[in-house]
Amino acid sequence: MGPKKKSEKLARLVSVQRHMERMAESDLSNTARQRDEVSASMHMVMDAIGSLDPVHRLFAQNYAERFDRLANMEKQLAGIQQAQEAKVVRERVKGDRLEENRRDARLDEDREAEDNAIYDLVDMRYATPASSKLQE
């Protein structure tokens, strides 16, 4: 098996990079889901705090503490999500750049193959005994 072409190596790198991009998107999706869950919990706690039910009034302090914890968690998740969004963009840009380099390498390889084919035809034309007699 001969040496791999540059475009084949870049194609593998593109594949790996796209996998990295999908992993970053998955992490972002999980964080967004967690934020939705925290937000839903915050709404439930707010509803309980605002409820006229006497049972909820007994736990008002607990609800306030829980809401505070949820608000802090939501703030942390928002920061994480922002960082993950930036990572997804970076991974996508890397993949796009590698893909462009792969296409350029492929074009160069095709051009080189065409040039070599022409050189081979010229060599065959002038290397045959019949062509030698024509030149004399």
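Glu99 is buried in this predicted model, with a relative accessible area of 18%, a value that falls under the 20% limit and therefore earns that label. Its partner Arg102 counts as partly exposed, at 22% relative accessibility. The two form a salt bridge in which the closest N and O atoms are 2.7 Å apart, and because they stand three residues apart in helix 3, about one helical turn separates them. Side chains of opposite charge can pair in this way when their charged atoms come close.

This pair is one of 10 salt bridges that a search of the whole structure finds, and others reach across the chain. Asp96 forms a salt bridge with Arg18, where the closest N and O atoms are 2.8 Å apart. This pair links distant parts of the chain, since Asp96 belongs to helix 3 and Arg18 to helix 1, with their positions 78 residues apart in the sequence. Asp96 is partly exposed, with a relative accessible area of 38%, and Arg18 likewise counts as partly exposed, at 22% relative accessibility.

A second link of this kind joins Glu21 and Arg92, whose closest N and O atoms are 2.9 Å apart. Glu21 lies in helix 1 and Arg92 in helix 3, so this salt bridge ties together parts that are 71 residues apart in sequence. Which of the two partners is buried, Glu21 or Arg92? Glu21 is buried, with a relative accessible area of 8%, whereas Arg92 is partly exposed, with a relative accessible area of 33%. These residues do not stand in isolation, for Arg18, Glu21, Glu25, Arg92 and Asp96 are linked in a network of salt bridges.

From the charged side chains we can turn to the nonpolar ones. The largest nonpolar core has seven residues in all, namely Val38, Met42, Val45, Ala48, Tyr63, Leu70 and Leu77. The elements that give two or more residues to this core are helix 1, which runs over residues 6-49, and helix 3, which runs over residues 60-127. Helix 1 supplies the largest share, with four residues. The surroundings of Leu70 can be followed in the model: once its neighbours within four places in sequence are left aside, Leu70 is in contact with Val38, Ser41, Met42 and Val45.

Tyr63, a member of this core, is buried, with a relative accessible area of 19%, and Tyr63 also takes part in an aromatic pair. How many such pairs does a search of the whole structure find? The search finds one. The rings of Phe59 and Tyr63 have their centres 6.3 Å apart and their planes at 50°, so the pair is described as tilted. Phe59, unlike its buried partner, is partly exposed, with a relative accessible area of 37%.

A last point concerns how far the coordinates can be trusted. The protein chain has a mean pLDDT of 90, and 91% of its residues reach 70 or more. Among the elements of the chain, helix 1 has the highest mean pLDDT, at 96, and helix 4, made of residues 129-135, has the lowest, at 54. Where pLDDT is low, the predicted coordinates should not be read in detail.

Note on methods: Residues are numbered from 1 along each chain as its sequence is written. This is a predicted model: local features need pLDDT of at least 70, side-chain atom pairs count only at pLDDT 80 or more; totals for chains, interfaces and linings use all residues. Side-chain values use heavy atoms; hydrogens and water are left out. A nonpolar core is a set of buried Ala, Val, Leu, Ile, Met, Phe, Trp, Tyr and Cys residues joined through side-chain atoms within 4.5 Å. Buried means under 20% relative accessible area, exposed over 50%, partly exposed in between (1.4 Å probe, protein chains only). Contact means heavy atoms within 4.5 Å. Rings of Phe, Tyr and Trp (its six-membered ring) pair if their centres lie within 6.5 Å; planes under 30 degrees apart count as stacked, over 60 as edge-to-face and the rest as tilted. pLDDT is the predictor's confidence in each residue, from 0 to 100. A salt bridge is a side-chain nitrogen of Lys or Arg within 4 Å of a carboxyl oxygen of Asp or Glu.
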